[in-house]
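Please open the model in a viewer and keep the sequence panel visible beside it. The tour below proceeds by selections, each followed by a description of what is found there.

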Amino acid sequence: MPTYRIDETEEVCANCAHYRQHYRKERHPHGMEGFVPVNAGHCVEPRVKDRRPSDTCERFMQAA
């Protein structure tokens, strides 16, 4: 699976205050468990809608 780098200054959903990243629980071979981000999430402004981290929209607001 390819990895993409999103710079902190880009006006994309991954850097927006309204974006909520989705995660999946993963068990590692060494017995450890953790959460891994997936290429999906949702926006809560003005209503909940599916988004990808690289999406953009007119309601972008820089995350604090």
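A disulfide is a pair of cysteine sulfur atoms within 2.5 Å. The model shown here is predicted, and a search of the whole structure finds 0 disulfides. Cys16 is in no disulfide, and its nearest cysteine sulfur, that of Cys43, is 5.9 Å away. The cysteines are taken up again further on.

**The whole chain**

Begin with the entire chain in a cartoon representation. Its secondary structure comes to 0 helices and 3 strands, and from the N terminus on the elements run β-β-β. The C-alpha atoms fill a box of roughly 45 × 25 × 25 Å along the principal axes. How does the radius of gyration of the chain stand against that of a compact globule of 64 residues? The chain has 14 Å, whereas such a globule would have a value near 11 Å.

Next, display the molecular surface. The accessible surface comes to about 5,300 Å², and 51% of it belongs to carbon and sulfur atoms. Of the 64 residues in the chain, 19% are buried. Among the contacts with a separation of 6 or more, 42% are made by residues 24 or more positions apart.

**The sheet**

Select residues 19-27, 33-43 and 49-51, which are strands E1, E2 and E3. Together the 3 strands form an open sheet in the order E1-E2-E3, with antiparallel pairing. E1 and E3 stand at the edges, each with a single partner strand, so one side of each has no neighbour in the sheet. Neighbouring strands are turned by 45° against each other on average, direction ignored.

**From E1 to E2**

Select E1 and E2 together. The two strands pair in the antiparallel sense over 8 bridges. Two positions in E1 may be picked out as examples. Tyr23 has Pro37 in E2 as its bridge partner, and Lys25 has Phe35 in E2 as its bridge partner. Then move to the hairpin of E1 and E2, which has 5 residues between the strands. Select Gly31 in this hairpin, where the residue takes a positive phi near 90°.

**From E2 to E3**

Continue to E2 and E3. These strands run antiparallel and are joined by 3 bridges. One of the bridge pairs is that of Cys43 with Lys49 in E3. A hairpin connects E2 to E3 through 5 residues. Within this loop, select Pro46. Which form does the peptide bond from Glu45 to Pro46 take? The bond is cis, with omega near -5°.

**The segment before E1**

Now select Cys13, which is found in the segment before E1. Cys13 is buried, with a relative accessible area of 7%. Leaving aside neighbours within four places in sequence, Cys13 is in contact with Tyr19, Arg51, Arg52, Pro53, Asp55 and Thr56. Label the C-alpha atoms of Cys13 and Thr56: they are separated by 5.7 Å, although the two residues are 43 residues apart along the chain.

Select Asn15 next, in the segment before E1. Is Asn15 buried or exposed? Asn15 is buried, with a relative accessible area of 12%. Residues up to four places away in sequence are not counted in its contacts, which are Ile6, Asp7, Glu8, Thr9, Glu10, Phe60, Met61, Gln62 and Ala63.

**Cys16 and Cys43**

Finally, select Cys16, which also lies in the segment before E1. With 9% relative accessibility, Cys16 counts as buried. Residues up to four places away in sequence aside, Cys16 touches Arg59, Phe60, Met61 and Ala63. A line drawn from the C-alpha atom of Cys16 to that of Asn39, 23 residues apart along the chain, spans 15 Å.

Return to Cys43, the bridge partner of Lys49. Cys43 also counts as buried, at 4% relative accessibility. Why does the sulfur of Cys43 form no bond with the closest cysteine sulfur? That closest sulfur is in Cys57 at 5.4 Å, which is too far for a bond. A disulfide is a covalent bond between the sulfur atoms of two cysteines. The tour thus ends where it began, with 0 disulfides found in the whole structure.

How values were computed
Residues are numbered from 1 along each chain as its sequence is written. This is a predicted model: local features need pLDDT of at least 70, side-chain atom pairs count only at pLDDT 80 or more; totals for chains, interfaces and linings use all residues. Side-chain values use heavy atoms; hydrogens and water are left out. Buried means under 20% relative accessible area, exposed over 50%, partly exposed in between (1.4 Å probe, protein chains only). Two strands pair if DSSP finds at least two bridges between them. Helices (H or I, at least four residues) and strands (E, at least two) are DSSP runs, numbered from the N terminus. Axes are lines fitted to C-alpha atoms, for helices over the stretch in contact, and angles run from 0 to 180 degrees between N-to-C directions. Contact means heavy atoms within 4.5 Å. The radius of gyration is taken over C-alpha atoms; the globule rule is 2.2 Å times the number of residues to the power 0.38. Accessible areas come from the Shrake-Rupley method with a 1.4 Å probe; for residues, only the protein chains shown count as cover.
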